[in-house]
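Here's a walk through this model, starting with one residue and working outwards to the whole chain. Keep the 3D view open as you read.

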Amino acid sequence: MEYTSTRDCGRRVSSAEAILTGLSPDGGLFVPLEIPRIDIKALAGKSYNEVAFAVLHAFLPDYDEAFLTRAIHQSYGENFDSKAGHLARVNERTCALELWHGPTAAFKDYALQLMPKLLVEARRMCGEKGETVILVATSGDTGSAALAGFGGVDGTKIAAFYPAGGVSELQRLQMTTRTDRNVAVYGVSGNFDDAQRGVKAAFVDPVLTEKLAVQGKKLSSANSINWGRLAPQIVYYATSYLQFCAQGTISCGQPLDFCVPTGNFGDIMAGWYAKKMGVPVGRLLCASNRNNVLSEFLSTGTYNAKRTFYKTSSPSMDILVSSNLERLLWHESGSDAQVRAWMDALAKQGEYTVPTNVLAAIKETFACGWAEEETVFAEIKSIFARDGYLCDPHTAVAFAVLEEDGQSQGPAVVVSTASPFKFSGQVLAALGHAAPESAFGALRALQDISGQIAPRSLATLADKPERFQEIITPANISQMPLRF
Ligand SMILES: *Cc1c(COP(=O)(O)O)cnc(C)c1O
């Protein structure tokens, strides 16, 4: 099975090459030329890891089977408290797919626990030697998940750069308390964009590349457009569907709707691939926060990034350019020339419009909605009052959108992307309680009020020493990879 670029269909690469390269040299994203099918009925009764193997082996056929089995077991075993793909019943009609039982209590763990292993193996398969140095700029969640994923992986080093003062205390501690020998963490004076610019500059810095080459190292990114980050997310759509069948809530074959809190369109795009593979996914509801560029696009066909950027209580969805949408545009239009023209227009004019036939094809599967901040807070409160279910602001966006939509015929799944304890202060405020100043005070208060236990990985941060405290300027980012 081969992969091509969304912007140049003449290009052909294997799955290992797609994962190793990340972004196609023409600026496009790698997409599978054909989508493999799985027989969902034949997967009934299988474990999470067995389904993961079936899905990933189909998409990554050039990887050795024994390697894949081992990598999957290492990624989704003890790390996830045996709760990979956990579905929690919220009420009669709705389940929450809790994707936050992994090491950093957010859904990015699904991709970032496995992707480093796929990347190292891809280097071996493609005959690359030496070490891979990952640089990641983070506004919070990605950094900790990437550090947890690459921490201790042989043949790699990883440096994370976060805006000093721009991430929550818990998010900072999730990064700065890491003890793996191959990681480094730096605060950057400035905001997230400053940190990101510094990292991007390092990637194109010829002097740095040269110096690293002398040390036998090569830069790489763990960016969310890498196919190795998308593919692992297809699995939990299949496993949740199978759980519904097993419980008898739906009969096998009947469609099941998913509502997904969306930022970069990676999570929901995985749902689309699951559907095309043969998982009976019904509608995919794309839920946005106040940065509602995607829900506007899915309603009108115009993607307009020229708009005010809002900082919200669901920061991982505060995005104006959703990169993974490009994959959907390629699959639904079938034209690399069109995708190139749209992405060009987005870069130059800040907007593009797709023709009605493409929008209609997209709308066959996708619906959308968005929620204001007050709605999000009201939703956290009402779900807890009504159903006793505690959720974080990202998940609450999805609950609000699903409720407002009201079109699901049968049961629906809300994809829950972060533990409520990761956002204890905001959740407490939404529930109408004063939030203690300190992160751990807030976490304990939320435990008391909800009667639920915070993920151990968050609670134990309080006892760990901060290993990294250095604050650097954006201009100095490119020096840091040499220091390992
Ligand atoms: C990254 C993230 C999202 C958005 O996922 P995309 O794949 O970027 O659409 C939603 N919620 C949380 C908590 C996240 O960390």
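F265 is buried, at 1% relative accessibility; buried here means under 20% relative accessible area, exposed means over 50%, and partly exposed is in between, with a 1.4 Å probe and protein chains only. You'll find F265 in the loop between β10 (256–261) and α10 (266–277). Helices (H or I, at least four residues) and strands (E, at least two) are DSSP runs, numbered from the N terminus. F265 and S323 sit 58 residues apart in sequence, yet their C-alpha atoms are 6.9 Å apart in space. What does F265 touch, not counting residues up to four places away in sequence? Its partners are C286, L294, S322, N324, L325, L328 and F366, where contact means heavy atoms within 4.5 Å.

Before going further, a word on where this comes from: this is a predicted model, in which local features need pLDDT of at least 70, side-chain atom pairs count only at pLDDT 80 or more, and totals for chains, interfaces and linings use all residues. Residues are numbered from 1 along each chain as its sequence is written, and side-chain values use heavy atoms, with hydrogens and water left out.

Two of those F265 partners, L325 and L328, lead us to helix α12. This helix covers residues 325–333, and 9 of its 9 residues are buried. That includes the charged-type residues E326, R327 and E332, along with W330 and H331. Right after α12 comes G334, with a positive phi near 65°.

Now for some other buried spots. L112 is in helix α4 and is buried, at 0% relative accessibility. Leaving aside neighbours within four places in sequence, L112 is in contact with T142, A145, A146, G149, F150, A222 and R229. N182 also counts as buried, at 0% relative accessibility, but its place is in the loop between α6 (169–176) and β8 (183–188). Apart from residues up to four places away in sequence, N182 touches F150, G151, G152, V153, T156, K157, I158 and F484. So F150 turns up in the contacts of L112 and in those of N182.T395 belongs to helix α16 (residues 393–405) and is buried, with a relative accessible area of 0%. Which residues does T395 touch, not counting those up to four places away in sequence? They are V414, V415, S416, T417 and A418.

Here are the C-alpha distances for the pairs that involve these buried residues.

| Pair | Separation in sequence | C-alpha to C-alpha distance |
|---|---|---|
| F265 and S323 | 58 residues | 6.9 Å |
| L112 and A146 | 34 residues | 5.7 Å |
| N182 and A159 | 23 residues | 8.6 Å |

Next, the backbone. Most residues other than glycine have a negative phi. A105 has a positive phi of about 60° although it is not a glycine. A105 is in the loop between β5 (94–98) and α4 (108–125), and at 0% relative accessibility it counts as buried. S82, another residue other than glycine, has a positive phi near 55°. Its loop runs between α3 (65–76) and β4 (86–89). Is S82 buried or exposed? S82 is exposed, with a relative accessible area of 74%.

If you care about cysteines, the structure holds 0 disulfides, a disulfide being a pair of cysteine sulfur atoms within 2.5 Å. C9 is partly exposed, at 38% relative accessibility, and C126 is partly exposed too, at 34%.

Finally, the whole chain. There are 19 helices and 16 strands. The radius of gyration is 21 Å, close to the 23 Å that the globule rule gives for 484 residues, so the chain is as compact as a globular protein of that length. That radius is taken over C-alpha atoms, and the globule rule is 2.2 Å times the number of residues to the power 0.38. Along the principal axes, the C-alpha atoms fill a box of roughly 60 × 55 × 50 Å.

Of the 484 residues, 58% count as buried. Among contacts with a separation of 6 or more, 74% come from residues 24 or more positions apart. The accessible surface comes to about 18,600 Å², and 49% of that belongs to carbon and sulfur atoms; areas come from the Shrake-Rupley method with a 1.4 Å probe, and for residues only the protein chains shown count as cover.

As for charge, the chain has 44 positive and 50 negative charges, and their mean positions are 3 Å apart. Lys and Arg count as positive and Asp and Glu as negative, while His and the chain ends are not counted. Each charge is placed at NZ of Lys, CZ of Arg, CG of Asp or CD of Glu.
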